[in-house]
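Welcome! Here is a short briefing to read alongside the structure, grouped by topic so you can follow along at your own pace.

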Amino acid sequence: MDKVDNKDWKINIDKYKSGYVVKFLYDSKMLGAWVVFDIPFQKIDLELLRSLNEKAEKIFREEWFYGVKDREALEALLARVDNVFF
């Protein structure tokens, strides 16, 4: 098995006024970069999601059989969104 020296790997974090740029380097070559914005986060709970869903139905004039209606489906949607971030 080949070994890679830890000194070849590096993560640079550059701070800006409203966020960060994270760079992943190997042997001084950038393999990837991510922009991370420092913005306030609002956790979406079941009541907020239900309210947003109702407003969206009114905006798009959806009938009863469109959209997510039951509590279990809304909770599953929230779990899926949370897992994307964590």
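V35, F37 and I39 together make a nonpolar surface patch of about 350 Å². This is a predicted model, so treat the values below as computed from it. After the patch, we turn to the sheet and then to the charged pairs.

**The nonpolar patch**

- One member of the patch, V35, is found in strand β3.
- V35 counts as exposed because its relative accessibility is 55%, and the cut-off for exposed is over 50%.

**The sheet**

- Look for three strands in the order β1-β2-β3, which form an open sheet with antiparallel pairing.
- Strands β1 (9-16) and β3 (29-37) stand at the edges, and each has a single partner strand, so one side of each is left without a neighbour in the sheet.
- From one strand to the next, the twist averages 15°.
- How many bridges join β1 to β2? There are eight, and the two strands run antiparallel, with β2 covering residues 19-26.
- To see this pairing up close, find I11, which stands opposite F24 in β2.

**Salt bridges**

- Side chains of opposite charge can pair when their charged atoms come close.
- Searching the whole structure turns up four salt bridges.
- In one salt bridge, the side chains of D14 and K23 meet at 3.5 Å, N to O. D14 is partly exposed, with a relative accessible area of 27%, and K23 is also partly exposed at 27%.
- D27 and K29 meet through their side chains in a salt bridge of 3.9 Å, N to O. Are these two residues buried or exposed? D27 counts as partly exposed at 41% relative accessibility, while K29 is exposed, with a relative accessible area of 53%.

**A network in the helix**

- E47 forms a salt bridge with R50, and their closest N and O atoms are 2.9 Å apart.
- Where do E47 and R50 sit along the chain? They are three residues apart in helix α1 (residues 46-59), so about one helical turn separates them.
- E47 is partly exposed, with a relative accessible area of 46%, and R50 counts as partly exposed at 34% relative accessibility.
- E54 belongs to this group too: E47, R50 and E54 are linked in a network of salt bridges.

Methods: Residues are numbered from 1 along each chain as its sequence is written. This is a predicted model: local features need pLDDT of at least 70, side-chain atom pairs count only at pLDDT 80 or more; totals for chains, interfaces and linings use all residues. Side-chain values use heavy atoms; hydrogens and water are left out. Two strands pair if DSSP finds at least two bridges between them. Helices (H or I, at least four residues) and strands (E, at least two) are DSSP runs, numbered from the N terminus. Axes are lines fitted to C-alpha atoms, for helices over the stretch in contact, and angles run from 0 to 180 degrees between N-to-C directions. Patches are made of residues with over 30% relative accessible area and no salt bridge: like charges are joined within 9 Å, nonpolar side chains (Val, Leu, Ile, Met, Phe, Trp, Tyr) within 5 Å. Accessible areas come from the Shrake-Rupley method with a 1.4 Å probe; for residues, only the protein chains shown count as cover. Buried means under 20% relative accessible area, exposed over 50%, partly exposed in between (1.4 Å probe, protein chains only).
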